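Q: Can you walk me through this structure? I'd like to take it piece by piece.

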There are 2 protein chains.
Amino acid sequence: MIGIGETKMGKLPDRSLRDLIKEAGSKAIEDAGIEKERIQALYMSNFNGQYLCYQGHMGPLASEVLELGNIPTIRCEGACASGSLAFRQGLFAIASGMYDVVLVGGVEKMTHRATEEVTTGIASAEDFQIEARVGITFPSIFAMIANRYFYEYRNVREEMAMCAVSNHYNASLNPDAQMQKTITAEQVKNGFPVSSPLTVFDCSLVTDGAAFVVLAATDAAKEVCKKRIVEVVGSGHAGDTLTIGTKKSITAFAATINAAKEAYNMAGLSPADIDFAEVHDCFTITQIINIEDLGFFEKGKGGDAVASGKIALNAEKPINPSGGLKAKGHPIGATGISQIYEVVTQLRGEAGARQLKKADIGMNHNIGGTAATCVVNIFKGW
Amino acid sequence: MIGIGETKMGKLPDRSLRDLIKEAGSKAIEDAGIEKERIQALYMSNFNGQYLCYQGHMGPLASEVLELGNIPTIRCEGACASGSLAFRQGLFAIASGMYDVVLVGGVEKMTHRATEEVTTGIASAEDFQIEARVGITFPSIFAMIANRYFYEYRNVREEMAMCAVSNHYNASLNPDAQMQKTITAEQVKNGFPVSSPLTVFDCSLVTDGAAFVVLAATDAAKEVCKKRIVEVVGSGHAGDTLTIGTKKSITAFAATINAAKEAYNMAGLSPADIDFAEVHDCFTITQIINIEDLGFFEKGKGGDAVASGKIALNAEKPINPSGGLKAKGHPIGATGISQIYEVVTQLRGEAGARQLKKADIGMNHNIGGTAATCVVNIFKGW
C-alpha cells in the first residue's frame with residue numbers, strides 16, 4: 001500500500017462523479033509519490049451508478065478523468081462489498097506478477113436521488129424477483145436478522161444502540177466523516193422507526209464520496225515509499241446465497257466466517273493478533289454479528305463486548321475508528337476502499353485525534369447484500 | 001477450457017435471469033463433466049441488470065441458482081466487453097495458482113423493456129454527463145465513426161452492408177442465433193434509417209441470453225477433459241478514454257490495437273496465424289475497423305477484404321462464424337462469453353453446418369463503449 005486518498009463523505013450536491021474521482025484519485029497518486037505513468041491497471045468499484053446516475057463503465061471514466069492513457073480498467077461489483085472486491089482483484093494482479101503498480105478506486109453518488117429511488121437502487125443488492133419485488137428492502141431484512149438474533153441469543157437492543165453511539169463518537173474525530181455529532185443510546189432507541197427494532201439511528205448513511213489506493217509490488221513499494229510501508233498479509237473472499245431464506249444461518253454469516261478463515265490462514269494470524277478493525281456496520285446488529293463472526297468475541301457475546309466498552313478507541317479491540325458506515329458514511333462503491341484508507345491511516349500514525357496507540361496490524365471487513373459476498377483483508381505495518 | 005454452455009439467444013419473454021443462468025451454467029458444468037463441488041470461484045459478467053431488471057449482485061444470484069455453496073463470486077463490468085473481462089479475471093486467477101477450476105458466466109435480459117429504456121440502459125456505457133445527457137447515443141457515435149472513416153479512407157457503405165449479409169448467413173447455420181434469416185445488401189442499405197449512414201440492419205440486436213464456460217488449470221483439464229483440450233494461449237486487455245471527443249483516433253481503436261498486441265505477444269503468434277475470429281460487430285462499421293486493428297488486413301483495406309469475400313466461412317479469414325452480435329445476438333453481459341463459446345465449439349469441431357475446415361487457433365475480440373475497453377483472447381486446440 002503506497003498511496004491513499006479520499007474525499008470528504010456526505011451529501012455533496014455540487015460534486016459530480018468526475019469531481020469525486022478526480023479528487024480522491026489524485027490524492028492517492030500524489031500520496032504515493034509516483035508518476036502516474038507507472039500505474040499499469042485500474043480496478044474500479046462502483047455499486048449502482050447505472051441506476052442512480054445513468055453511468056456505468058466506470059473504469060474508462062476514471063481513467064479519462066485521471067489521464068491514465070490506455071491502461072486496462074475494470075469495474076467490480078459485489079453490492080456493498082464492491083470496494084474490497086476491486087481491491088482484491090488489484091492485489092492478486094500484483095501477487096501474480098502481472099503488474100507492479102495498480103490503482104484501485106471506488107466511487108458512489110447517491111444523495112441527489114429521492115429516497116424511494118435510493119431504496120430501489122440499493123435493493124438491487126438483494127434478489128429482485130423473490131425479495132425486493134414484494135417490498136422486502138434491506139432495513140426489513142436486517143430487522144428480521146436482529147429479531148432472530150434476539151431469539152437465538154438475547155435481546156441486544158441496548159448494545160446495538162451503543163454501537164451507533166461509539167461510531168458517532170469516532171466520526172466526530174474524523175474530518176472526512178459525514179456525521180460530526182455525538183449521539184446517545186436514548187436517541188438511537190427513540191429515533192424514527194424504520195423496521196422494528198431498527199430506528200433511523202441503527203441504519204448506515206446515504207453518502208456521496210470516493211476513495212482510492214495505490215498498490216505496489218514489494219520491491220516497487222520499498223523504492224518509492226517514504227512513509228511506513230503497509231503490507232497486505234492476508235486476504236479472504238467468500239460468498240453465500242443471495243436470498244435470506246436460503247441461508248443456513250442468519251445470525252452467523254457463513255461468508256464472513258469463511259473469508260476470515262482464509263485471511264487469517266494466509267496471514268498466519270489469529271483474531272487476537274488484530275489490533276483494530278473496520279467492520280461492515282450497515283446496521284447496528286450487523287456490527288455485533290460481525291465482531292463475533294470475525295472471532296473477536298464468542299458467538300452470542302458480541303453485545304456484552306460492546307456493553308463493557310471493549311470496542312472503543314484504545315480499548316481491547318477498537319472497532320470502526322473511522323466512524324464506520326454508520327457515521328463516517330456509506331458511499332457504497334467507495335466504502336471498502338475507504339475502510340482500507342482508515343486502516344492504512346491508522347497504521348501510519350496519521351489518524352489525528354482518533355489515532356490508536358497500538359496500530360501495527362489492522363483489518364477491513366466488507367459485506368455485500370444479505371452477507372452474500374464478504375471480503376476480509378489484513379494489513380501489517382512494517 | 002473444459003466446459004461451455006449457452007442458451008438460445010433472442011427475445012425470451014418467459015425466461016427470467018434465474019432461468020437463463022440455470023440453463024447455461026448447468027450446460028457448461030455438465031459439458032465439463034465435473035462435480036460442481038470442484039468449482040472454486042465464479043466470475044460473473046452482467047452489463048446493466050441494475051437498470052434493466054433492478055438486479056445487481058449477480059455473483060451470489062448465479063451461485064444460489066447453480067447451488068455452488070460458499071464460493072467467492074464477483075460481477076465484472078466493462079460495458080459490452082464485460083464478458084471477456086470476467087473471463088480474463090478467471091483466467092488470471094487460475095494462472096496465478098489461486099484456483100484450479102473456475103466458472104465464468106455472463107447474462108443479460110433486455111427485451112422486456114421499452115426501446116427508449118433499453119437505449120438509456122445501453123447509454124450508461126458512454127459518458128452520461130458529456131454525451132448521453134445531450135442525446136448522443138451509440139448509433140449516433142458509431143455513425144460519426146463511419147462518416148469519419150469515409151473521410152479518412154473511402155466510403156465503405158456497400159462493404160458495411162456486406163458484413164451484415166455475411167453475419168446473417170452464418171447465423172442461419174447457428175441454431176442458438178437470434179436471427180435465422182439471410183438478408184441482402186440492398187435490404188441493409190434500404191433499411192429503416194437510424195443514424196446516417198447506419199440503418200437498423202447495421203446495428204447489433206437487443207437480446208436475452210446467457211453463456212458460461214468452465215476454466216481449469218492444465219493438469220486438472222488433462223485429468224477431466226474428454227474432448228479436444230482448448231488452451232488459452234494469449235490474452236490482452238487495454239483501455240481508452242470514455243468519451244469520443246478525447247480519443248486520438250476514432251477510425252483505429254487504440255484499445256483494440258494495444259490489447260491485440262499484448263495477446264499476440266503472449267501467444268507468440270501473429271495475425272496470420274489466427275484461423276478465424278469472433279470480433280465485436282456492434283455496428284457494421286465496427287467490424288471493418290476491427291479486422292484492420294487486429295492486423296488481419298491493412299488499415300483502410302478492411303472494406304476491400306469484405307468485398308472480395310475473405311471473411312466468409314472457409315475463406316482466408318473467417319469472421320464471426322457464429323453470426324456475431326449482428327445476427328447471433330448481443331445479450332451484452334453474455335456476449336464475450338458467447339464469443340468464446342463459439343471459438344471453443346469451432347476448435348472442437350462441434351459447429352455443425354457452420355463448422356470451419358481449419359480451426360486450430362481462434363480469437364475472440366470484445367469491445368465496450370466507444371472502444372474504451374477492449375479484451376482479446378487467443379485459443380488453441382491441442
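The chat below goes through chain A, its partner and the sheets.

Q: What kind of model is this, and how are things numbered?
A: This is a predicted model: local features need pLDDT of at least 70, side-chain atom pairs count only at pLDDT 80 or more, and totals for chains, interfaces and linings use all residues. Residues are numbered from 1 along each chain as its sequence is written, while chains are lettered from A and ligands numbered from 1 in the order in which they are written.

Q: How many helices and strands are in chain A?
A: Chain A has 14 helices and 11 strands. Both are DSSP runs numbered from the N terminus: helices are H or I with at least four residues, strands are E with at least two.

Q: What are the spans of the C-alpha trace of chain A along its principal axes?
A: About 55 × 45 × 40 Å. The radius of gyration of chain A is 19 Å, which agrees with the value near 21 Å for a compact globule of 382 residues. That radius is taken over C-alpha atoms, and the globule rule is 2.2 Å times the number of residues to the power 0.38.

Q: What share of chain A is buried?
A: Buried residues make up 63% of the 382. Buried means 20 or more other C-beta atoms within 10 Å of the residue's own, exposed means 12 or fewer, and partly exposed lies in between; C-beta atoms are placed from the backbone.

Q: And helix 11 of chain A, how many of its residues are buried?
A: 10 of its 10 residues, which run from 284 to 293. Among them are Thr284(A), Gln287(A), Glu292(A) and Asp293(A).

Q: What covers helix 11 of chain A?
A: The cover includes helix 6 (138-152), helix 7 (157-172), helix 10 (254-267), helix 12 (302-307) and strand 10 (361-368) of chain A. Just after helix 11, Gly295(A) takes a positive phi of about 90°.

Q: Switching topic: what rotation superposes chain A on chain B?
A: A rotation of 180°, with 0.0 Å of shift along its axis and an RMSD of 0.0 Å. The two copies are thus related as by a two-fold rotation axis. The fit is by least squares on the C-alpha atoms of residues with pLDDT of at least 70 in both.

Q: How many residues of each chain are in contact?
A: 56 residues of chain A with 56 of chain B. Contact means C-beta atoms, placed from the backbone, within 7 Å.

Q: Which elements of chain A supply that side?
A: Those giving at least two residues each include helix 4 (82-95), helix 5 (115-123) and strand 8 (230-239) of chain A.

Q: Which strands of the two chains are joined by bridges?
A: Strand 3 of chain A and strand 3 (residues 73-77) of chain B run antiparallel, joined by three bridges. Cys76(A) has Cys76(B) as its bridge partner. Two strands pair if DSSP finds at least two bridges between them.

Q: What is the strand order of the sheet with 10 strands?
A: 1(A)-7(A)-4(A)-2(A)-3(A)-3(B)-2(B)-4(B)-7(B)-1(B), open, with mixed pairing. Strand 1 (3-6) of chain A and strand 1 (3-6) of chain B are the edges.

Q: And the order of the four strands in chain B's open sheet?
A: The order is 8-11-10-9, and the pairing is mixed. Strand 8 (230-239) and strand 9 (276-278) of chain B are its edge strands. Strand 8 of chain B pairs antiparallel with strand 11 (residues 373-381) of chain B over nine bridges. In that pair, Ser235(B) stands opposite Asn377(B).

How values were computed:
Two residues are in contact if their C-beta atoms, placed from the backbone, lie within 7 Å.
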